[in-house]
Amino acid sequence: MIRIKNNGEIEKMRKAGRLAAQLLTHLEPYVKDGVTTLYLNDLSAVFTRMHGAASAPLNYRGFPKSICTSINNVVCHGIPSENDVLRNGDIVNIDVTVILNGFHGDTSRTFMIGEVDRKTEEFVQRTEKAMYRGIDAIKPGKYLHEVGKSIEKYIGKFGYSIVRDYTGHGIGRKFHEDPQVFHHFTKENKIRLRRGMTFTVEPMINMGNSYNVKTSRSDGWTVTTTDGSLSAQFEHTILVTDNGAEILTQL
Ligand code: MF3
Ligand code: CO
Ligand code: CO
């Protein structure tokens, strides 16, 4: 069941989304060569608490930390650790979700550390563009599957692949609500978009030609590409409006 948000709920979603965006911007100057992902986690926890919010990932289905940090071939759900030191040439996705006044704001970006090679830079930039292509396809009255269709149309030409095992999601009082938002084209998303829907668009793109991923058997969370290729992701929480989408996780 898709929960349509009323005006009061929309205002709270705007505030939560804005705080999540502010958190990513707060972290940005620290995302540099030599920093550990645990340090970024701890900065996030403090910032979130200082703003009267909570970190949604912490203890979510047993997740042990406040944010997800996914380096290079890690697709998503990387666990911050003092052993993971960011190095020049790495790419890292930082995914933050806050709960403010009972509502969630969920956003992520892939950062490049120092100098990354040109092919990698291009890949990361195209992944961001793919997310915006998906968001641009959102219009009330249209089908939700336009999102995946438009991402697939754009990303198809590069020889990359769109991860299928993880999707965007409705969001509100709950972290993950209906609907599932596929980032590739599938008829499963034959849902009419309506004003007041809030969901995420968060394509995970593998640089190689396989969309297959696997989950670590030791920590139960870390998802990696099966072919060892790089994976990038960008995420925004959006609201369907009368004429398109409003990005809630943007400053
Ligand atoms: N923030 C992720 C998303 O975009 C979910 C992380 S779940 C966690 O949906 F448990 F790993 F935190
Ligand atoms: Co997220
Ligand atoms: Co999400």
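User: Which residue coordinates both the cobalt ion (ligand 2) and the cobalt ion (ligand 3), and how far apart are the two ions?
Analyst: In this predicted model, the cobalt ion (ligand 2) is coordinated by D95, D106 and E235 at 2.1 to 2.4 Å. The protein donors of the cobalt ion (ligand 3) include an OD atom of D106. The residue that coordinates both ions is therefore D106, and the separation of the ions is 3.3 Å.

User: Which strands hold D95 and D106, and how many residues apart in sequence are the parts they tie together?
Analyst: The donors of the cobalt ion (ligand 2) follow the spacing D-x10-D-x128-E along the chain. D95 belongs to strand β4 (residues 91-100) and D106 to strand β5 (residues 103-112), so the pair ties together parts whose separation in sequence is 11 residues.

User: What is the arrangement of the donor atoms around the cobalt ion (ligand 3)?
Analyst: The protein donors are D106 (OD), H169 (NE2), E202 (OE) and E235 (OE), at 2.0 to 2.2 Å from the ion. For six donors to count as octahedral, opposite donors must be over 155 degrees apart and all others between 65 and 115. The 6 donor atoms here subtend angles of 51 to 163°, so the arrangement is irregular.

User: Where do H169 and E235 lie, and how many residues apart in sequence are the parts they tie together?
Analyst: In sequence, the donor residues of the cobalt ion (ligand 3) are spaced D-x62-H-x32-E-x32-E. H169 is in strand β7 (residues 168-170), whereas E235 is in the loop between β13 (231-233) and β14, so the parts tied together by the pair have a sequence separation of 66 residues.

User: Are H169 and E235 buried or exposed?
Analyst: A residue counts as buried under 20% relative accessible area and as exposed over 50%. By this criterion, both H169 and E235 are buried.

User: What distance separates the end C-alpha atoms of helix α1, and what span should its residues give?
Analyst: Helix α1 comprises 21 residues (residues 7-27), which at 1.5 Å a residue should span 30 Å. The end C-alpha atoms agree with this expectation, their separation being 31 Å.

User: Which elements are included in what covers the buried residues of α1?
Analyst: The buried residues of α1 are I10, M13, A16, G17, L19, A20, A21, L23, L24 and L27. The elements that cover them include α2 (37-50), β4, β5, β9 (198-201) and β14 (236-240).

User: Which residue caps the N-terminal end of α1?
Analyst: The backbone nitrogen of G8 has a side-chain oxygen at 3.1 Å. That oxygen belongs to the capping residue, N6.

User: How many residues apart in sequence are the parts tied together by the salt bridge of D33 with R87?
Analyst: The closest N and O atoms of D33 and R87 are 3.5 Å apart. D33 lies in the loop between α1 and α2, and R87 in the loop between β3 (74-76) and β4, so the pair ties together parts with a sequence separation of 54 residues.

User: What separates R126 and E122 within helix α3?
Analyst: The side chains of R126 and E122 meet in a salt bridge, with an N to O distance of 3.6 Å. Because they are 4 residues apart in helix α3 (residues 118-136), their separation is about one helical turn.

User: Is D242 buried or exposed?
Analyst: D242 forms a salt bridge with R195, with 3.6 Å between the closest N and O atoms. R195 counts as partly exposed at 40% relative accessibility. D242 has a relative accessibility of 60%, and therefore counts as exposed.

Key
Residues numbered from 1 in each chain as written. Chains lettered and ligands numbered in written order. Predicted model: local features only at pLDDT ≥ 70, side-chain atom pairs only at ≥ 80, totals over all residues. Heavy atoms only, no water. Donors = N, O, S within 2.8 Å, 3.2 Å for Na, K, Ca; no water. Helix = DSSP H or I, 4+ residues; strand = E, 2+ residues; numbered from the N terminus. Expected span 1.5 Å × (residues − 1). Buried < 20%, exposed > 50% of the residue type's maximum accessible area, 1.4 Å probe, protein only. Contact = heavy atoms within 4.5 Å. Polar contact = N/O pair within 3.5 Å; in protein donor to acceptor, adjacent residues only side chain to side chain. Salt bridge = Lys/Arg side-chain N within 4 Å of Asp/Glu carboxyl O. Tetrahedral: all angles 85-135°; square planar, octahedral: opposite > 155°, others 65-115°.
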